[in-house]
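Here are my notes on this model, written for someone opening it for the first time. Please read them with the structure on screen.

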Amino acid sequence: MSETARDTILDVQHLTMRFGGLVAVNDLSFKAARGKITAIIGPNGAGKTTVFNCITGFYQPTEGMLELTHATGKHFLLERMRDFKIAAHARVTRTFQNIRLFAGMTALENLLVAQHNHLMKASGFTVLGLVGWPGYRHAKREAIDRARFWLDRIGLLARADDPAGVLAYGQQRRLEIARAMCAEPVLLCLDEPAAGLNPREAHELNKFLLAIRNETGTSILLIEHHMRVVMEISDQVVVLDYGQKIAEGSPAEIRGDPKVIAAYLGVEKEEVA
Amino acid sequence: MEYFLQQLINGLTLGSIYALVAIGYTMVYGIIGMINFAHGDIFMVGGFLALIAFLGLLAIGVTAVPLALFLVLIVAMLLTALYGWTVERIAYRPLRGSFRLAPLISAIGMSIFLQNYVQIAQGARVKSLPPLVTGAHVLMDSGKFVVQLTNIQIVIIVTTTVLMLLFSWMVSSTRLGRDMRACEQDLKMAALVGVNTDRTISLTFVIGAALAAVAGIMYLLYYGAIDFFVGFVAGVKAFTAAVLGGIGSLPGAMLGGLMIGLIETFWSAYFSSEYKDVAAFSILILVLIFMPTGILGRPEVEKV
Amino acid sequence: MLVPNDPKSAERVSRLDVGGAIKDAAVATVVAFGLFSLMLGLLTQPGPSGQLTISERPKLLIVSLIVVFVGRFLVAIFTRSLRVPLISRLISPKLSTSFRQLERFAAPALLGFALVVPVLFYSNRYLLDLAILVLTYTMLAWGLNIVVGLAGLLDLGYVAFYAVGAYSYALLAKNFGLSFWVCLPLAGILASFWGIMLGFPVLRLRGDYLAIVTLAFGEIIRIVITNWQDFTGGPNGISGIPRPSFFGIPFTSDPEGFAALFHLEFTPTHRVVFLYYLILALALITCAVTIRLRQLPIGRAWEALREDEIACRSLGVNTTNTKLTAFATGAMFAGFAGSFFATRQGFISPESFVFMESALVLAIVVLGGMGSQLGVAVAALVMLGGFELFRNFEQFRMLIFGAAMVGIMVWRPRGLVATRTPSVYLEKKKDIPAAIVEEARQ
């Protein structure tokens, strides 16, 4: 396998998503590099969340291929897989634009659900767990330790036993990311993680995401409007407008790209060309 | 052939009755997302009120059938509408915004309450009425089988059609109809732009109940009998009709009603009448599983 | 030193809004008049010639109107004067927490009481039967709690699995002569199987739709049982189901019987006591298994499923299997209960498996409150006990039951125990108020 292929974790090829007559995503192709942070930006309605939903299996793409490659070389064709299989086998997890935590369960429980499959196997699909099998108890302790680790990372160790629904907004956002990380993904998809955060919180988020990238080697795919977050931490940026890619490059390149500026500020087409 | 035609006529008649009840289900589901479990029993109450009204009028000497029919229609519609309003106020409004199961349990409780209320008030036995609208017109006579269109069938189909048209007009052209459609789309937003959502919802229940009352009267006249338990089965069938046609869609309710009426009639005529209820339940299951938005409903895209 | 009057009570009295209350009561009475005028005021009865006649019942109408007026007046006085809605006055958050605190003491107390019931009421056959009934429904409610309370799947057709269990036991025991202890697990497996059969088609359904489809399934099964004469005996049911024995020793009066072997005077009460302990054991097993399952990954997955199915899928949880497991497990316990029912009665018919039963069990689960085993048990006791108390008012019983269902939902929609206990904790187990627990977020 070529050097470049191993460096690419997600290869999006000619992704198209149509809803009846509406084309949400049109012939999108880009590569997300392994161990790097790739941001997808664009004005509202550009189709960013649709791309995410295709990648994570909540929509089935009308056309196109989504090839995920693990470091081991194992390939997955995401466009054919069901949502939970993408998370369980291809190890792609995500967060949501409108936070989807299990509000009535504690922070700790949230993080344990993320480790469900591992724990299920350890409990012998419940049967062994029912009879108190020590192997399961060990796995459970490990799972709690992993949860404890992440709770500490996001500063919520003291709130571990509080229901997720009562946490502050910023805390909930962080918890959702931690929950996605507890499933040990190779690709973490974050849908507007900085939405509604003040500058200080956004800065903390940047540190957190960079730490994830550097320490765990997890690749990150990021949808964001918060330009500071995008510019400061992304390694690669893909710009969408009306469902099509209009630019791709490093943050510096994107910052000065006239097409990108036009898309965001609505400059006349003639002026751009 | 003649047999088929007769079943067709019978099916359309039955279907019209179901359609009237189905409208109530679909309207309520469209506006507050709740299945009004007790709606079938409102239909039953309407029938009973009609029965009592008829007998009352007969007792005081009103024997002219068209006049009696007209008065009974008014009285039953008004009073049944009152029942619909009361049920909403007592059992559903306090639970608006509560968790999913609460209105459902409340509705089931209301259904049980209404059934037993009528049973206690008027007795558990089947109540029968001598046929008030008699006479038939022979459409085809092949010697083996006579295809008839009875007067009561004409009455039912005409009344139903008129009411449907009136109702469709109301929904599309009046202020109330607009308010209803707004609430159906987005209840909170409708409230924010000044629609009196409480009143609109109440009126939805009221109108649904009034239509169910008409269905009850028609049922009583057509079958000549009513008992306190008809609401349950009729309710499920009408709900099936609403779902089949597309829940939340008015034309869907009408279409669904006619289809269920036809399916039930043909099934009874050509297969077995014991399992005709199973036919209705099965259709319900099949539709909800394979075509949950129904024939005329809007397909829902899962919002992630 | 003068002791001042309690200022609060003075305030209450001085703000007695009689005028407003009268207005409310008047409105209610007018509405009631509309509702009752025909239905209660007139009576249709078959006359001497068989035709329906109509007669007046002015007394009933007037009495009802007076009751409505007075009742509404009192309610209005209470709410207007205290300026706090009646409902929230009665929903005391303290009630829930104190219930939870009570749980620590109440649970073992209730268990202890349950263990000695046959001793206490040995001579009262009626109470023993009632106790068996309460336990049967408690077991059913605990089983349904897995499906509805934990996994959040609205199942209105639970009685179908109860029926499968009963009929399976009846047919296996009668035709193959298998003992209760062999038939019980078989019945459970068969019921589980049907639970999965029900689960498959409804995987994509949510909320009310799911409820209606499960209701339809339940009805179909009942209709099929009623009409499939050859297999199930049709409306006549199956009789002559083998009665239980004490692990092989029959409860008869002959020398090999239980009484003779234990040197006791024969009385049919022996069998009843045995049945009591049998259902108690079965119910407790259901309870224990449920508690354990909640702490295992599957139980957590069920609760997460109830909260937000999409989030579950995004984490790799196979929601299909999770749902099917919930249905299967719940159905299994219903199957066990059904087997017990069959052997207890010796006779079963489709009459016992009507929709009302599903509604009753569901009402018990909802009244008890999600996830609280004790809450569900108390709710069963209250509902069935209440039912029995009103036995003399045969006609009004169901009426009151319906009204009670509405009333309880309006009063406490989340049930008696409106909190959820986390299944795992780091430092401290903190109860989560039901208001935060989401139900099937779309």
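1. Six strands of chain A make an open sheet, ordered β6-β7-β8-β3-β9-β10, and the pairing is mixed. Two strands count as paired if DSSP finds at least two bridges between them. Helices (H or I, at least four residues) and strands (E, at least two) are DSSP runs, numbered from the N terminus. At the edges stand β6 (92-94) and β10 of chain A, each paired on one side only. Neighbouring strands of this sheet are turned by 20° against each other on average, direction ignored. Axes here are lines fitted to C-alpha atoms, for helices over the stretch in contact, and angles run from 0 to 180 degrees between N-to-C directions.

2. A word on the source. This is a predicted model: local features need pLDDT of at least 70, side-chain atom pairs count only at pLDDT 80 or more, and totals for chains, interfaces and linings use all residues. Residues are numbered from 1 along each chain as its sequence is written, while chains are lettered from A and ligands numbered from 1 in the order in which they are written.

3. Look next at one end of that sheet. Strand β9 (residues 236-241) of chain A runs antiparallel to strand β10 (residues 244-249) of chain A, and five bridges join them. A:Val238 has A:Glu248 in β10(A) as its bridge partner. For A:Val237 the partner in β10(A) is A:Gly249. The two strands form a hairpin with two residues between them. In the turn, A:Tyr242 has a positive phi of about 50°. In a regular strand the side chains alternate between the two faces of the sheet.

4. Chain A has another open sheet, of four strands. Its order is β2-β1-β4-β5 (chain A), with antiparallel pairing. Why does one side of β2 (22-33) and of β5 (75-77) of chain A lack a neighbour in the sheet? Both stand at the edges with a single partner strand each, so one side of each is left free of a neighbour. From one strand to the next, the twist averages 15°. Strand β4 (residues 63-69) of chain A pairs with β5(A) in the antiparallel sense over three bridges. Within this chain, A:Thr69 stands opposite A:His75 in β5(A).

5. Chain A as a whole holds 13 helices and 10 strands. Its C-alpha atoms fill a box of roughly 70 × 40 × 40 Å, taken along the principal axes. The radius of gyration of chain A is 20 Å, which agrees with the value near 19 Å for a compact globule of 273 residues. That radius is taken over C-alpha atoms, and the globule rule is 2.2 Å times the number of residues to the power 0.38.

6. Chain B comes to 11 helices and four strands. Its box, along the principal axes, is roughly 65 × 45 × 35 Å for the C-alpha atoms. With 304 residues, a compact globule would have a radius of gyration near 19 Å, and chain B agrees at 19 Å.

7. How do α1 (residues 2-32) and α9 (residues 230-245) of chain B cross, and what meets there? Their axes come within 8 Å and cross at roughly 70°. The two helices are therefore roughly perpendicular (the label covers 65 to 115 degrees; under 35 is roughly parallel, over 145 roughly antiparallel, the rest oblique). Residues of α1(B) including B:Tyr18, B:Ala22 and B:Tyr25 meet residues of α9(B), among them B:Ala234, B:Lys237 and B:Phe239. Contact means C-beta atoms, placed from the backbone, within 7 Å. The residues of this contact divide into 10 nonpolar, one polar and one charged. Ala, Val, Leu, Ile, Met, Phe, Trp, Tyr, Cys and Pro count as nonpolar, Asp, Glu, Lys and Arg as charged, and the others, Gly among them, as polar.

8. Chains B and C touch. In this interface 54 residues of chain B are in contact with 48 residues of chain C. On the chain B side, the largest share, 16 residues, comes from α4(B). By class, that side has 40 nonpolar, 10 polar and four charged residues.

9. Finally, confidence. The predictor gives the complex an ipTM of 0.90 and a pTM of 0.86. Chain C averages a pLDDT (the predictor's confidence in each residue, from 0 to 100) of 83, and 89% of its residues score at least 70. Among the elements of chain C, helix α1 (residues 7-14) has the lowest mean pLDDT, 48, and helix α15 (residues 319-345) the highest, 94. Over residues 9-14 of chain C the pLDDT is below 50, and this stretch has three contacts in the model beyond near neighbours in sequence.

Terms used
Contact = placed C-beta atoms within 7 Å.
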